[in-house]
Every structure is written in structure tokens, then in C-alpha cells.
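Here are a few exercises to work through with the structure open beside you. Take your time with each task before reading its solution.

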Amino acid sequence: MKKILAIALVLVLACCVMAQAEPTSMALSVSGPANDQGWNAVAVAGLEATAAKFGLTTTIIENVGIADSEAVYRQLAVEGYDIIIGHGYQYGEPAVAVSEEFPDKYFFATESDCFSENGASYVMACEQGAYIMGLLCASMSESKIIGVIGGFEQPSITKELEAYKLAAAAVDPEIQVLSIYINSFTDTNLGYEAAMALINQGADVVYQVANQAGNGALKACEEKGVYCCGNSYDQNSIAPDYVLSSTIYNMDQVMITAVSSIMDGTFEGGVYNLGMDKNVVEIAPYHALDEKIPQEVKDLINDSIAKIISGELEIPVISTPTK
């Protein structure tokens, strides 16, 4: 009898190991609606591409507040999902906390600096895209005053605002950059009001880094006839006559990289950085506004992107706001 029990135990443990090595399901938690035409939408697209590649079943939990991040990780783990991803800096510490309770599952966060034995953070070089947006906005400004709107004052957002400021100074040291944090990723009214405030102070080009809330900023720019730049996703369709370009984050590349490491047995907990050289960060086309942008500006953009990819131009990561 003892021999039979021992054999059964070995079989159970073997099955557990196989389940951990070969996940069959994947879950995504996002801070706003999945169809926000921005930050969350690119994560959903990444989830779908990854699931299709590896044959995984999936689920998405939307509109998760910062205070609920840990509870959602735990809920998804209890429900049996093998790989759980939280999209945003705020998911880092909750991922690590819950990962210790479920050592047979994998916990990922984007834009964080936290990790564990079975948890990792995948950080996009968003500052690279923001720098390019800074070059574009500063070059297109006639008033020599430009603006930028951030969601929350946290490292993943601040690094974009600061890179934007650096780029503006590189175009014209005298240019004025107005910045504001609205303490929301979802309130489009706050984004709208913030953009209006910047425009009323003279800003004639505005960039937003505020997820769904930033969509309100783009609509304000459209209403006032002011050029703007989108974030995370090609947001030209929100205000086609005014969105010059947008940063794009290819979350399919990020998630496939993460899941591939699990599937091939090379996964290690850590913080992984992915940028333009890995095709994770890029910028959207100019669409119908292409003719409005001088060739010398487009040349500056193309040359800067090439230098970032080659490593000749390194964009510093500044996580503390500057004046």
C-alpha cells in the first residue's frame, strides 16, 4: 500500500511540474476599459496575440483601481490562471506579494521594478517614444510653449514627461514646457480640463500620458484647433486633423517574450527592459498631417530614432519630476 501511495504521489508531483512548465491559461488586469484606444487596448492586443501563438485560454479584468490590484491577482490565481499580467507600474508590488502565495504560477507586471522567483517586470522604454514626441511637438510649436499631461506622478509616467522636456530643450533651449499631473487614468473630463488649462496658458501643441483620461485631452485640442500627440496606441482616429503622431507600445512583443521564456524553460524572475531596438517602442504614422510637417522635422525624427536604435542616442530615465 505504501508503495502504491508513493507512486501516486510521484505522479501528482510530476503533473504539477508539467502544469507549471506548460501553462494553458493567461489573465490580464487593466486599470481602465479594454477598448480605450490607448494603454489598455495595446495590452489586450498583446494578450490576444500571445494566446493565439501558444494556444492559451484567457480572461481580462477591466477598470481595476490601484487599491484592488493585489486582490485581483489573488482572485485570478485562485481561479486557476497560470500566467497573470497586471498592466502598469502599480501592479509591481502586488504581483510580488501574491507570487509568494502561489509558487506554481507566474506573475508579471509592466513598467515596474519589482520581481520575485516566479514574478517579473517588463519595462518598455517609453521614454524613447516620449523623447521623439517632444522633438515633434517642440518643432511644430509656433508659440514656443508646449504642454504635457501625466496621469499619476509615478516613475513610469514621470520618465515620459521628463524625456519630453529634454527633447524640447534639444530643439530650442528657450522653449517653455508646461506640465500637469491629473491623478487619474480614467477620467476623461480631467484630461479635457488639463489640456484646456495648458492651451489657455499658450501651449499650441500638447502630448498626453494619461491612458483613457488622455483621450479627453486630445478632444480638447481638437476643439481648440491645437496640434497634439497620442500615447501607447495610434490615436489619430480620435482627432484626425490634430493628432500629429503617437507613441506605440507593441505589447505583443513584450508578452510573447515573457511567455516564451516560460515555455522554453529559461524564465527567471527579474526586471527586463525592452525598447525601440526590440521593436517594442515605435511611433505612429503622420497620416493626413504628413504634409503639414516640414521635411527637416521628419528628418530630425527619423535620424533620432535611428540613433536610439543604434545606441548612439541614449535617453536617460528620470523618475523624479523636475521644474
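The exercises below deal with a predicted model, and each one is followed by a worked solution.

**Exercise 1. The sheet**

Work out the strand order of the open sheet of 6 strands, and find which strands stand at the edges.

*Solution.*
- Step 1: Follow the pairing across the sheet, which is parallel and gives the order S2-S1-S3-S4-S5-S11.
- Step 2: Look for strands with a single partner; these are S2 (57-61) and S11 (270-274), so each has one side without a neighbour in the sheet.
- Step 3: Now add the twist, which averages 20° from one strand to the next.
- Step 4: Zoom in on one pair: S4 and S5 (residues 119-124) run parallel and are joined by 4 bridges. Here you can find Phe107 opposite Gly119 in S5.

**Exercise 2. A helix among its neighbours**

Decide whether helix H4 (residues 92-99) is largely enclosed or open, and name what its buried residues pack against.

*Solution.*
- Step 1: Apply the cut-off: a residue is buried when its relative accessible area is under 20%.
- Step 2: List the residues of H4 that pass: Gly92, Pro94, Ala95, Val96, Val98 and Ser99.
- Step 3: That makes 6 of the 8 residues, so H4 is largely enclosed by the rest of the structure.
- Step 4: Identify the packing partners of these buried residues, namely helix H3 (69-78) and strand S4 (106-110).

**Exercise 3. Two cavities**

Find the cavities of 30 Å³ or more and describe their linings.

*Solution.*
- Step 1: Search the whole structure, and 2 such cavities turn up.
- Step 2: Start with the largest, with a volume of about 110 Å³. Its lining has 18 residues, and Trp39, Ser156, Ile157, Phe185 and Asn211 lie nearest the centre.
- Step 3: Sort that lining by class to get 7 nonpolar, 9 polar and 2 charged residues.
- Step 4: Turn to the second largest cavity, of about 50 Å³. Its lining includes Ile85, Phe108 and Tyr122, and divides into 8 nonpolar, 1 polar and no charged residues.
- Step 5: Ask which element gives the most to this second lining: helix H9, with 4 residues. H9 (residues 251-263) also lies across S1, S3, S4, S5 and S11, running at about 150° to S5.

**Exercise 4. Positive phi**

Describe the setting of Lys144, a residue other than glycine with a positive phi.

*Solution.*
- Step 1: Read the angle, which is near 65°.
- Step 2: Place Lys144 in the loop between helix H5 (126-140) and strand S6 (145-150).
- Step 3: Check its accessibility: at 36% relative accessible area, Lys144 is partly exposed.

Technical notes: Residues are numbered from 1 along each chain as its sequence is written. This is a predicted model: local features need pLDDT of at least 70, side-chain atom pairs count only at pLDDT 80 or more; totals for chains, interfaces and linings use all residues. Side-chain values use heavy atoms; hydrogens and water are left out. Helices (H or I, at least four residues) and strands (E, at least two) are DSSP runs, numbered from the N terminus. Buried means under 20% relative accessible area, exposed over 50%, partly exposed in between (1.4 Å probe, protein chains only). Contact means heavy atoms within 4.5 Å. Two strands pair if DSSP finds at least two bridges between them. Axes are lines fitted to C-alpha atoms, for helices over the stretch in contact, and angles run from 0 to 180 degrees between N-to-C directions. On a 1 Å grid over the protein atoms alone, a cavity is a set of points where a 1.4 Å probe fits but cannot get out, and a pocket is an open set with protein on both sides within 12 Å along at least five of seven lines; lining residues have an atom within 4 Å of a point. Grid points are joined across faces, edges and corners, and a volume is the space filled by probe spheres set on the points. Ala, Val, Leu, Ile, Met, Phe, Trp, Tyr, Cys and Pro count as nonpolar, Asp, Glu, Lys and Arg as charged, and the others, Gly among them, as polar.
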